[in-house]
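Visitor: I should like to be guided through this protein, one question at a time. Where shall we begin?

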Amino acid sequence: MMRTTGPSTVTTPTAGGVRPTTTGLGIVTMDSDTGTRPARLPREGRPDGRPGPAGHPRRLIARAGGEYLFVGVRGGSGTPPAREPAPDVFLGPGDICFYDVHEPPRLDLPRGCRLKVFLLARELLGLARSDVPRVTSVPVAPTSGLGALLSPFLSDVADTLGASRPPVGEMLAWNAVNLLATLATEHLAEQARDEEPDTRAVLVPDILDHIDRHLTDTDLSPETIARAHHISVRYLHKLFEDEGTTVARLIRRRRLAECRRALTLRSWENVTIAAIANHWGFASPTHFSRVFRAAYGMSPREWRDVAGSGAALDGVGSSGAGRGGRETGDRTGRAEAPPEAGEPRPGG
């Protein structure tokens, strides 16, 4: 038996039958088939019309009756095939399982199971095409942190959304979409930690490169960095805690280093200090001057004047918070030594 709910309504699990609201969310509720046919999850054909990969799809096995929650990820053009035939996965009541609607898994469920399926585009979940095989590889158990919160909430949303008036229904649908996106991000982070022991070694250089490429972006923040790498903000902070610094401190150090370099270059000599600071993401000239002096022991004006005169700066960083505040070398900020003899000097 299948029933559909609104205002985010799916009238049929086949392609073309989805009629989402402005949230882009569709919901299907069905009971495991009491006939001879096995229960099947809603699916869609590939957007580009390509056939799926050969071989047997993943099989999801539940040995107990109860309620099971599924999140069907609807991909854009070019959704990649599954990497390899995946092993069987055993489900428990209350599990939340992401799956690719273009390559849905087979179900092995006993009678008396109820399936509640949430269908939405991977873009709404903040997923890249390459993320889909990873997020679908392992279900989210109701005993996990977000699983314990979302499993009962999603179940209630599936039951009550159809009876809700449009404004309330839309609000519930948006809340469900936002929470599912949060769940997908956190689930990806968990998979990244479990997949490879050297995940940190892969992620940190990528994040450092991302920071360097976006130093001039005024909205560069832990939130935007985490979103770009499909990890949680908490995990991002953990990565750099292990590196002996913080994300905010690293961004400030890199921006200060670029400002200091610009103040020594002839190509920037007619640009005001405030404009240089603003270019590298410092909104307040006063704040920039204060943190510059704390890092390097002199004001930006003094640095520019000394650099313009070609004087040696052996004493830079020898006072105030600038002691050991060298900004070159290790971009994580771990190597914070005063200028060494023979290092390039401004104007040199």
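Guide: We begin with the contacts along the protein chain, in what is a predicted model. Contacts between residues at least 6 apart in sequence were considered, and 75% of them join residues at least 24 apart.

Visitor: How many helices and strands does the protein chain have?

Guide: Both kinds of element are present in the protein chain. The count is 10 helices and 10 strands.

Visitor: What percentage of the residues in the protein chain is buried?

Guide: A residue is called buried when its relative accessible area is under 20%. The protein chain has 348 residues, and the buried share of them is 44%.

Visitor: Is Ser155 buried or exposed?

Guide: Ser155 lies in helix α2, which covers residues 145-160. The cut-off for a buried residue is a relative accessible area under 20%. Because the value for Ser155 is 9%, this residue is buried.

Visitor: Which residues does Ser155 touch, apart from those up to four places away in sequence?

Guide: Contact requires heavy atoms within 4.5 Å. With residues up to four places away in sequence not counted, Ser155 touches Glu67, Leu69 and Lys116.

Visitor: Which residues of α2 are buried?

Guide: An α-helix has 3.6 residues a turn, so residues three or four places apart point the same way. In α2, the buried residues are Gly147, Leu150, Ser151, Leu154, Ser155, Val157 and Ala158.

Visitor: What distance does α2 reach from its first C-alpha to its last?

Guide: α2 has 16 residues, and at 1.5 Å a residue a span of 22 Å is expected. The distance in the model is close to that value, at 24 Å.

Visitor: How many residues of α7 are buried?

Guide: Helix α7 covers residues 247-262. Its buried residues include Val247, Leu250, Ile251 and Arg253. The helix is largely enclosed by the rest of the structure, because the buried residues number 12 of the 16.

Visitor: How far apart are the end C-alpha atoms of α7?

Guide: The 16 residues of α7 should span 22 Å at 1.5 Å a residue. The distance between the end C-alpha atoms agrees with this, at 23 Å.

Visitor: Is α7 roughly parallel or roughly perpendicular to α9?

Guide: The axes of α7 and helix α9, residues 285-296, come within 11 Å and cross at roughly 90°. Angles of 65 to 115 degrees count as roughly perpendicular. Therefore α7 is, with respect to α9, roughly perpendicular.

Visitor: Which residues of α7 and α9 make the contact?

Guide: By class, the contact of α7 with α9 has 8 nonpolar, no polar and 2 charged residues. On the α7 side are Arg252, Leu256, Ala257, Cys259 and Arg260, and on the α9 side are Phe288, Val291, Phe292, Ala295 and Tyr296.

Visitor: In what order do the 3 strands of the open sheet with parallel pairing stand?

Guide: The edge strands are β7 (89-91) and β9 (106-108), each of which pairs on one side only. Between β9 and strand β5, residues 59-62, there are 3 bridges. The order is therefore, with parallel pairing, β7-β5-β9.

Visitor: Which residue of β9 stands opposite Leu60?

Guide: β5 and β9 run parallel and are joined by 3 bridges. The residue of β9 opposite Leu60 is Leu107.

Visitor: Which residues of β8 point the other way from Ile96, Phe98 and Asp100?

Guide: Strand β8 spans residues 96-100 and is mostly covered, with 5 of its 5 residues buried. Ile96, Phe98 and Asp100 point one way, and the residues pointing the other way are Cys97 and Tyr99.

Visitor: Which residue in β10 is the bridge partner of Val73?

Guide: Strand β6, residues 66-74, pairs in the parallel sense with β8 over 5 bridges. β6 also pairs with strand β10, residues 113-121, in the parallel sense over 9 bridges. In β10, Val73 has as its bridge partner Leu120.

Visitor: How far apart in space are Leu127 and Arg227, C-alpha to C-alpha?

Guide: Leu127 is in the loop between β10 and α1, and counts as buried at 4% relative accessibility. Its contacts beyond four places in sequence include Val73, Ala184 and His230. Leu127 and Arg227 are 100 residues apart in sequence, and their C-alpha distance is 9.6 Å.

How values were computed. Residues numbered from 1 in each chain as written. Predicted model: local features only at pLDDT ≥ 70, side-chain atom pairs only at ≥ 80, totals over all residues. Heavy atoms only, no water. Helix = DSSP H or I, 4+ residues; strand = E, 2+ residues; numbered from the N terminus. Buried < 20%, exposed > 50% of the residue type's maximum accessible area, 1.4 Å probe, protein only. Expected span 1.5 Å × (residues − 1). Axes fitted to C-alpha atoms, helices over the stretch in contact; angles between N-to-C directions. Parallel < 35°, antiparallel > 145°, perpendicular 65-115°, else oblique. Nonpolar A, V, L, I, M, F, W, Y, C, P; charged D, E, K, R; others polar. Pairing = 2+ DSSP bridges.
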